[in-house]
Amino acid sequence: PYPAAVEDAWAATRWVAEFGSEIGADTSRIAVAGDSAGGTIAAAVAQRARDEGAPGIAFQLLWYPSTMWDQSLPSFTENANALILDTKAIADFSRWYAGEVDMSNPPAAMAPGRAEDLSELPAAYIAVAGFDPLRDDGIKYGELLADAGVPTEVHNAETMVHGYVGYAGVVPAATAAMERGLAALRVALHG
């Protein structure tokens, strides 16, 4: 439950920045990434790193994150009964994750798209799925980042469902969509 997952990810990110060179990591090129709730957490970690001045995050790769916690977005209605993740499941997962947090005004660490300041964040690649209630959430976050001057690319895998990265290597469209995100990560970290 919140905030444990964000705190765990933050501790892991700080550990990599401090000790990553001991295991051969280039700590000058750190990215955060995740899918679904992991994408939300990665976005929260990128914001926290900016706010605390370290560690330096070079890139954020977010697959179908929940960043706005705004169920009035059209995709929540259009995909209310989507396969894999429907709005009932979102409500259940949200309740389990948020616990007692007032969701009418969630903290930015829980809903990164509601942060007061989105400027000076690392470049982002946001991947969404066409048949996902969270589709417009990720698109909206991408728009907000771009409006704040953050280099942002949003890709909508129009034929995919939430969680499609798990089908990479099996479903060609999922493989292609995952590869687009990984290609953006490679460019960000290696030029």
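# Group meeting: cores, pocket and selected residues of a predicted model

Leaving aside residues within four places in sequence, Ile126 is in contact with Leu62, Pro65, Gly138, Tyr141, Gly142, Leu145, Thr152, Glu153, Val154 and His155. I open with that list as a way into the interior of this structure, which is a predicted model.

Let me begin with the nonpolar cores. Ile126 belongs to the largest nonpolar core, which has 22 residues. Ile126 is among the residues with the most contacts inside that core, together with Val32, Leu62, Leu118, Leu121, Tyr141 and Leu145. Three of these names, Leu62, Tyr141 and Leu145, have already appeared among the contacts of Ile126. Which elements give two or more residues to this core? They are helix 1, residues 4-19, helix 2, strand 3, residues 123-131, and helix 5, residues 135-147. The largest share, seven residues, is supplied by helix 2. There is also a second, separate core, made up of 17 residues, and Ala129, Met160, Ala174 and Met178 are included in it. As general background, nonpolar side chains in soluble globular proteins tend to be buried together.

I turn now to the largest pocket. Its space amounts to about 390 Å³. The elements that contribute two or more residues to its lining are helix 2, residues 37-52, and helix 4, residues 87-98. Helix 4 provides the largest share of the lining, namely four residues. In total, 17 residues line this pocket, and those nearest its centre are Ala37, Ser66, Trp69, Phe93 and Ser94. How do the lining residues divide into nonpolar, polar and charged? There are 11 nonpolar residues, six polar ones and no charged ones.

Two of the residues nearest the pocket centre, Ser94 and Trp69, merit a separate comment. Ser94 is located in helix 4. Its relative accessibility is 17%, and because buried means under 20%, Ser94 counts as buried. A polar atom of the Ser94 side chain lies 2.7 Å from the backbone oxygen of Ile90. Not counting residues up to four places away in sequence, Ser94 touches Trp69 and Gly99. Trp69, for its part, sits in the loop between strand 2 and helix 3. With a relative accessibility of 18%, Trp69 also counts as buried. Trp69 is not a glycine, yet its phi is positive, at about 50°.

A positive phi is found at Tyr64 as well, with a value of about 35°, although this residue is not a glycine either. Tyr64 is placed in the loop between strand 2 and helix 3, the latter spanning residues 74-78. Is Tyr64 buried or exposed? Its relative accessibility is 0%, so Tyr64 is buried.

Tyr64 leads us to His162, since the two residues are in contact. His162 lies in the loop between strand 4, residues 152-161, and helix 6, residues 172-190. Why does His162 count as buried? Its relative accessibility is 6%, and the threshold for a buried residue is under 20%. Which side chains make polar contacts with that of His162? One is the side chain of Ser36, at 2.7 Å. Another is the side chain of Asp132, also listed at 2.7 Å. Leaving aside neighbours within four places in sequence, the residues in contact with His162 are Ser36, Tyr64, Ile84, Leu85, Ala129, Phe131, Asp132 and Leu134. Among them, Ala129 is a member of the second core.

For contrast, consider Thr159, which is found in strand 4. Thr159 has a relative accessible area of 58%, and because exposed means over 50%, Thr159 is exposed. Not counting residues up to four places away in sequence, Thr159 touches Phe131 and Ala173. The C-alpha atoms of Thr159 and Ser119 are separated by 32 Å, while the two residues are 40 apart along the chain.

Finally, I note the cis peptide bonds. The bond from Tyr2 to Pro3 is cis, with omega near 5°. Pro3 is placed in the segment before helix 1. Ala54 and Pro55 are likewise joined by a cis peptide bond, where omega is about -5°. Pro55 belongs to the loop between helix 2 and strand 2, residues 59-63.

Note on methods: Residues are numbered from 1 along each chain as its sequence is written. This is a predicted model: local features need pLDDT of at least 70, side-chain atom pairs count only at pLDDT 80 or more; totals for chains, interfaces and linings use all residues. Side-chain values use heavy atoms; hydrogens and water are left out. On a 1 Å grid over the protein atoms alone, a cavity is a set of points where a 1.4 Å probe fits but cannot get out, and a pocket is an open set with protein on both sides within 12 Å along at least five of seven lines; lining residues have an atom within 4 Å of a point. Grid points are joined across faces, edges and corners, and a volume is the space filled by probe spheres set on the points. Ala, Val, Leu, Ile, Met, Phe, Trp, Tyr, Cys and Pro count as nonpolar, Asp, Glu, Lys and Arg as charged, and the others, Gly among them, as polar. A nonpolar core is a set of buried Ala, Val, Leu, Ile, Met, Phe, Trp, Tyr and Cys residues joined through side-chain atoms within 4.5 Å. Buried means under 20% relative accessible area, exposed over 50%, partly exposed in between (1.4 Å probe, protein chains only). Contact means heavy atoms within 4.5 Å. A polar contact is a pair of N or O atoms within 3.5 Å; within protein, one must be able to donate a hydrogen and the other to accept it, and residues adjacent in sequence count only if both atoms are side-chain atoms.
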